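Student: I have the sequence and coordinates open, and I'd like to learn how to read the features one by one. Where do we start?

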Amino acid sequence: MLKKYYKDMKSGLEASYKQKPRAGTRITMELASSFIDAFREDVKVVWTSYYSFPMELLAAFGVAPFDFEIATNILPTFDPGRSVNIMNRAEEEGYSTDLCSFHRLAVGCYLLGYLPRADLLLTTSYYCDGKSKTNQALAQYYGKESINLDVPNKKNRESIDYVSSQLKSIVHKLEELTGQKLDEDRLRECIKISNRARRAYSQLAELQKVKPFPYININIINLCIFGNLLAGKEVQEQIYLDMVKESREKIESGKLTPEQYRVLWLAWYPTQPTNINEIFRKNSVSIVMGELARNFWGELDEQHSFESLALWCLKNPFVGPIGQRLSGIMQIVDEYNLDGIIHFSTDACRHSCAAQRLIGDAMGKRGVPFMVLEGDMSDKRKYSAERTQFLLENFIEVMAARK
Amino acid sequence: MRDTSKKIGYFCSLVPEEIIVAAGMQPVRVAGKTDAVSTADAYLYPNLCPYIKNVFVTALDGGTKDLDGVVFARSCDGMRRMYDTWKAYVNTEFIYMLEVPKNKDEQAIQYYASQLRDFAGSLGQAFGMKIKTEALNKAIKSTIGLRRLMQSVYDLQKKSPLPVKGSELFEAGLSAIGEDRKIALEKINNVYKRAKAIESTKGKAKKVRILISGNVMDRPDLFNIVEEAGADVPAADLCTASRYFDRRVEEGGDPYLALARAYLGAPHCSRTATPGERLAETREIVKAYSIDGVILTSLKFCDCHLHDIPYISKNLTAEGTPVLFLENDYTFSNRSQLKTRVEAFIEILNQ
């Protein structure tokens with residue numbers, strides 16, 4: 001069932017791209033392709049976290065990566081009702097409705113036989129306990145080992161060595177799986193490619209400071225979630241360069257809709273249909289930045305591949321004490337001329353939601369309006385359009401009062 | 001002279017209290033002491049572990065003022081955030097985040113050992129002393145003594161009829177992790193002596209034997225409910241029961257490595273183990289204690305445990321061990337509701 005959705009999604013995107021070649025469409029095409037590839041018989045399918053695992057390592061092996069969270073949670077975008085039915089299947093099995101809808105949906109898809117084969121299941125200890133526990137449960141169902149890249153809170157020599165050594169162990173697993181030794185030159189090349197993409201991305205991040213900026217809202221959130229899927233592949237740099245080019249052209253055209261309010265969006269954006277975009281459009285609100293869209297990592301050192309990939313993990317804003325996340329948010333506040341910050345609070349996202357007060361207090365001290373928008377990523381039973389409208393319009397009034 | 005009046009609080013049973021004892025201080029596992037946790041919603045958020053919220057409100061209310069320091073563990077998402085929030089809003093002299101790996105292979109053990117050394121160094125530095133290897137070895141030995149004593153009682157509890165009420169043993173165990181060591185040792189020793197004596201007298205009627213398996217529990221409510229319903233609780237697979245006492249630290253060699261190996265080893269909670277490993281450990285307890293039915297319980301919003309429940313429950317049931325799953329809010333405010341469900345479960349087991 002999912003495979004058909006992915007194929008329809010890809011063909012729709014291809015048709016759209018043919019008519020109007022846009023980098024944003026292309027990145028989603030790549031995403032759809034990755035989902036379809038996971039159903040192929042002739043490749044090794046490695047389940048992973050697109051947004052938190054150093055994908056350069058998988059690119060060096062040429063395996064098909066599959067992220068059960070992202071892949072199954074595309075579904076509410078097209079069919080929120082069916083998604084609820086799938087979640088119901090997981091709930092019937094005993095998965096509590098207090099667990100994240102992303103994970104209930106993934107487990108439901110497994111129980112209904114919608115997911116592809118898993119040759120290796122690896123994930124990361126960050127962002128959340130739910131992801132690694134779902135990975136374990138799915139591995140158990142598939143009769144496979146679940147591998148967890150454990151990334152500590154502290155960023156020091158021991159932590160770097162610990163993460164590096166785990167990455168090396170994962171390489172052994174990949175070697176066993178694929179029957180090929182790691183080609184270290186290939187890994188270095190993947191890292192070089194990743195660095196080039198990062199430089200292109202930095203240009204985009206710089207352009208985002210321009211007001212108005214064309215590449216906004218869900219596009220910017222998707223970019224930081226999906227972008228890393230392509231790390232280590234040439235296409236990633238190409239897409240970012242195309243985005244830079246398209247953005248420059250649009251800015252230079254002078255025809256962009258004026259931005260009344262620029263906001264930073266924290267945490268995740270719902271995959272189910274919502275009225276958020278419509279409210280933003282009516283009130284000229286633009287999400288110009290997501291916290292993961294910030295270039296939080298430095299150049300990777302291809303001569304010390306494992307160490308630099310370990311550092312990439314350790315520098316993630318969702319790793320470590322809240323100070324690491326807050327300093328990233330502050331940097332965005334300083335650089336992007338923001339009118340407000342919205343934290344989307346999906347009720348099972350404990351690690352992010354439990355930091356709302358700390359973020360709110362820090363923003364209060366800086367005088368930046370901050371709001372918590374409660375909702376759910378993909379469970380329509382837990383989303384209220386009316387409440388969202390009420391809360392967002394109130395917040396827009398607060399931002400207006402500060403103008 | 002070491003200052004034995006200093007108290008260091010910790011929250012997770014994966015924190016080796018031997019290091020605190022070696023520093024000449026008293027380790028205290030921090031329990032929540034309030035029945036109203038709504039204040040926590042303003043600092044953390046509503047859908048968070050009720051143990052964490054309770055402890056945090058207790059701290060805000062001044063209930064942890066007697067602690068000279070607190071040690072957090074990277075045990076779960078909720079605990080990571082409580083660490084951040086505690087640092088911001090609770091005034092405690094020494095606050096430390098211990099990096100407890102989520103994995104338990106040799107790499108993780110070596111890393112954990114390095115972090116335990118760091119913890120010992122930081123604790124010593126904060127209080128102007130140095131933890132010596134001899135002191136740590138001595139603390140390990142004394143803790144082994146306490147644990148062995150409890151393990152002896154656990155062994156007696158494998159007998160049927162049950163020598164000591166599960167609730168009584170659970171409360172004696174709680175004293176070991178929340179009170180002065182000497183008092184705890186005395187309490188457990190008394191229970192042990194009575195268990196031995198009862199074992200020799202025998203003559204009690206056999207009751208349905210229930211395993212309570214879950215995460216953190218600081219009150220005996222569920223034990224009492226089960227016992228009032230006419231069943232026995234010979235085993236409790238909880239962070240505040242066997243998961244604390246069944247830890248086996250090897251003496252000799254590098255004490256930090258020994259601690260790391262023991263604390264990342266079995267028995268595991270769902271935070272460190274896969275659902276399959278948790279199922280295997282539960283099966284062993286079921287067999288060892290001749291268990292008739294399992295009550296799986298979890299604090300609300302505990303992602304680690306909630307994710308494992310369906311797999312464990314389904315498999316145990318398929319193997320012929322009846323299972324009842326009960327969520328709890330740490331204070332057991334839904335006691336009446338739980339009572340009805342437990343009574344029905346035990347009635348079925350008695351048929």
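Tutor: Start with how elements get their names: helices (H or I, at least four residues) and strands (E, at least two) are DSSP runs, numbered from the N terminus. This is a predicted model, where local features need pLDDT of at least 70, side-chain atom pairs count only at pLDDT 80 or more, and totals for chains, interfaces and linings use all residues. Residues are numbered from 1 along each chain as its sequence is written, while chains are lettered from A and ligands numbered from 1 in the order in which they are written.

Student: Good. Where does Pro212(A) sit, then?

Tutor: Pro212(A) is in the loop between H10 and helix H11 (218–226) of chain A. Keep the general idea in mind: most residues other than glycine have a negative phi, and most peptide bonds are trans. Here, a cis bond joins Lys211(A) to Pro212(A), with omega about -5°. Chain B has a cis bond from Ser160(B) to Pro161(B), omega near 0°, and Pro161(B) belongs to the loop between helix H6 (133–156) and helix H7 (166–178) of chain B.

Student: What about phi: which value does Phe301(B) have?

Tutor: Phi of Phe301(B) is near 65°, positive in a residue other than glycine. Phe301(B) lies in the loop between strand S7 (293–299) and H13 of chain B. Phe332(B), not a glycine either, has a positive phi of about 55°, and its loop runs between strand S8 (323–328) and helix H14 (335–350) of chain B.

Student: Is Phe301(B) buried or exposed?

Tutor: First the rule: a residue is buried if 20 or more other C-beta atoms lie within 10 Å of its own, exposed if 12 or fewer, and partly exposed in between, with C-beta atoms placed from the backbone. Phe301(B) has 26 C-beta neighbours inside 10 Å, so it counts as buried. Phe332(B) has 19, so it counts as partly exposed.

Student: Can I read a whole helix that way? How many residues of helix H14 (residues 305–314) of chain A are buried?

Tutor: 9 of the 10, so that helix is largely enclosed by the rest of the structure. Among the buried ones are Phe306(A), Leu309(A) and Trp312(A). For what covers them, you need contact: two residues are in contact if their C-beta atoms, placed from the backbone, lie within 7 Å. The cover of H14(A) includes helix H3 (56–61), strand S3 (120–124), helix H9 (157–178) and helix H10 (184–207) of chain A.

Student: And how do two helices pack? At what angle do the axes of H6 and H7 of chain A cross?

Tutor: Axes are lines fitted to C-alpha atoms, for helices over the stretch in contact, and angles run from 0 to 180 degrees between N-to-C directions. Helix H6 (residues 80–93) and helix H7 (residues 101–111) of chain A have axes that come within 7 Å and cross at roughly 85°. Under 35 degrees counts as roughly parallel, over 145 as roughly antiparallel, 65 to 115 as roughly perpendicular and the rest as oblique. That makes H6(A) roughly perpendicular to H7(A). The contact residues include Ile86(A) and Ala90(A) of H6(A), and Leu105(A) and Gly108(A) of H7(A).

Student: Last one: how many residues do the chains put into their contact?

Tutor: 38 residues of chain B are in contact with 38 of chain A. Elements giving two or more residues on the chain B side include helix H5 (106–126) and helix H13 (303–318) of chain B.
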